[in-house]
Amino acid sequence: MNTIDTINKENLPKHLAIIMDGNGRWAKEKGKLRVFGHENGVTAVRQTVENCAKLQIKFLTLYAFSTENWNRPKIEVETLMRLLVSSLKKELKTLTKNNIRLNAIGNISSLPKKAHRELNEVISKTKENTGMTLTLALSYGAREEIKNAIQQIAVKVKNNIISPENIDETIINTHLYTHDMPDVDLLIRTSGEHRISNFLLWQIAYAELYFVNVFWPDFSELHLVEAITNYQNRERRFGKTSEQLK
Ligand code: IPE
Ligand code: IPE
Ligand code: MG
């Protein structure tokens, strides 16, 4: 069987990002409420995080809640926030055991106080960990991220800290939430949808995209191994010809 132990450790994605989609449909298929899907999604998160840490992937970024997800029914938003708090409390041990540093991107201050506080606490308690950086995208929207970066740069231009001619990709990068991370190498989306849903638009410019037809709660070690093996067999040309890469 394909397991993370049998995976080729060379040519792993340095930055893996996942759009964890399909919790609601997973529950519906079983005749249950959407909440049940989210609860079971947490188990898939734990397994995936542990497997990526074992693989020594440097950066794992998980899309947990988008800016658009605020428009869901209040009861569902509340459940998701409650699950966030309880998982953060429960998983601190797992993070520490696996030497994982927690990070968050998005409009974090818009989260309910309790979630905000718990998140900051776990971030601070894991900040010395030197293994994988696990980033949760929470109240995250890529367009908002880019808009914020533009605003910050505009202020610096106005105050003569940056001149317009000097604005380059590096400067833009340093004003994004992801300023201390490399670009995404591999982006996985579960649930069979083929869209990006406002996730890391700038950072996926050259990412390899991988869509898998399982709902998030069913995403297992086997699916992770398949996605990574598929990635390892691709030729990333970055605009060059195949011959140039030889
Ligand atoms: C992903 O599952 C979790 C979040 C977006 C928070 P969904 O809740 O989107 O499940 P589907 O896509 O409706 O099945
Ligand atoms: C994307 O899933 C956001 C997260 C996984 C957190 P959605 O379920 O919100 O995406 P759409 O609405 O189907 O595009
Ligand atoms: Mg969805």
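A molecule sits in a pocket if more than half of its atoms lie within 2 Å of the grid points of that pocket. The views below show a predicted model.

**Figure 1. The protein chain as a whole, with its 8 helices and 6 strands.** Read from the N terminus, the elements follow the order β-α-α-β-α-β-α-β-α-α-β-β-α-α. The radius of gyration is 19 Å, close to the 18 Å given by the globule rule for 246 residues, so the protein chain is as compact as a globular protein of that length. Along its principal axes, the C-alpha trace extends over about 55 × 50 × 35 Å.

**Figure 2. Polar contacts of ligand 1 with glycine 22, glycine 24 and arginine 72.** In glycine 22, a backbone N or O atom is found 3.2 Å from an oxygen atom of ligand 1. Glycine 24 likewise contributes a polar backbone atom, 2.9 Å from an oxygen atom of the ligand. With arginine 72 the partner belongs to the side chain: an N or O atom there is 2.7 Å from an oxygen atom of ligand 1. These pairs count as polar contacts because their N or O atoms lie within 3.5 Å of each other. Taken alone, ligand 1 has 380 Å² of accessible area, of which the protein covers 87%.

**Figure 3. The shell around ligand 1 in the largest pocket.** The shell comprises 13 residues, and those that come nearest are Asp21, Gly24, Arg25, Arg34 and Arg72. Two or more residues are supplied by each of α1 (23-29), α2 (34-54) and α3 (74-97). Of the elements, α1 gives the most, with 3 residues. By class, the shell divides into 3 nonpolar, 5 polar and 5 charged residues.

**Figure 4. Polar contacts of ligand 2 with aspartate 21, arginine 189 and arginine 195.** Each of the contacts shown joins an oxygen atom of ligand 2 to an N or O atom of a side chain. The distance is 3.2 Å for aspartate 21, 3.3 Å for arginine 189 and 2.8 Å for arginine 195. The accessible area of ligand 2 on its own is 390 Å², and the protein covers 77% of this area.

**Figure 5. The shell around ligand 2 and the pocket in which this ligand lies.** Where does ligand 2 sit? The space that ligand 2 takes is the largest pocket. Around the ligand are Ile19, Met20, Asp21, Tyr63, Ala64, Phe65, Asn69, Arg72, Arg189, Arg195 and Ser197. Strand β2 (residues 59-66) provides the largest share of this shell, namely 3 residues. In terms of class, the shell holds 5 nonpolar, 2 polar and 4 charged residues.

Terms used
Residues numbered from 1 in each chain as written. Chains lettered and ligands numbered in written order. Predicted model: local features only at pLDDT ≥ 70, side-chain atom pairs only at ≥ 80, totals over all residues. Heavy atoms only, no water. Near = heavy atom within 4 Å. Polar contact = N/O pair within 3.5 Å; in protein donor to acceptor, adjacent residues only side chain to side chain. Areas by Shrake-Rupley, 256 points an atom, 1.4 Å probe, with all protein chains shown as cover. 1 Å grid on protein atoms, 1.4 Å probe; cavity = no way out; pocket = protein on both sides within 12 Å on 5 of 7 lines; lining within 4 Å. Helix = DSSP H or I, 4+ residues; strand = E, 2+ residues; numbered from the N terminus. Nonpolar A, V, L, I, M, F, W, Y, C, P; charged D, E, K, R; others polar. Rg over C-alpha atoms; globule rule 2.2 N^0.38 Å.
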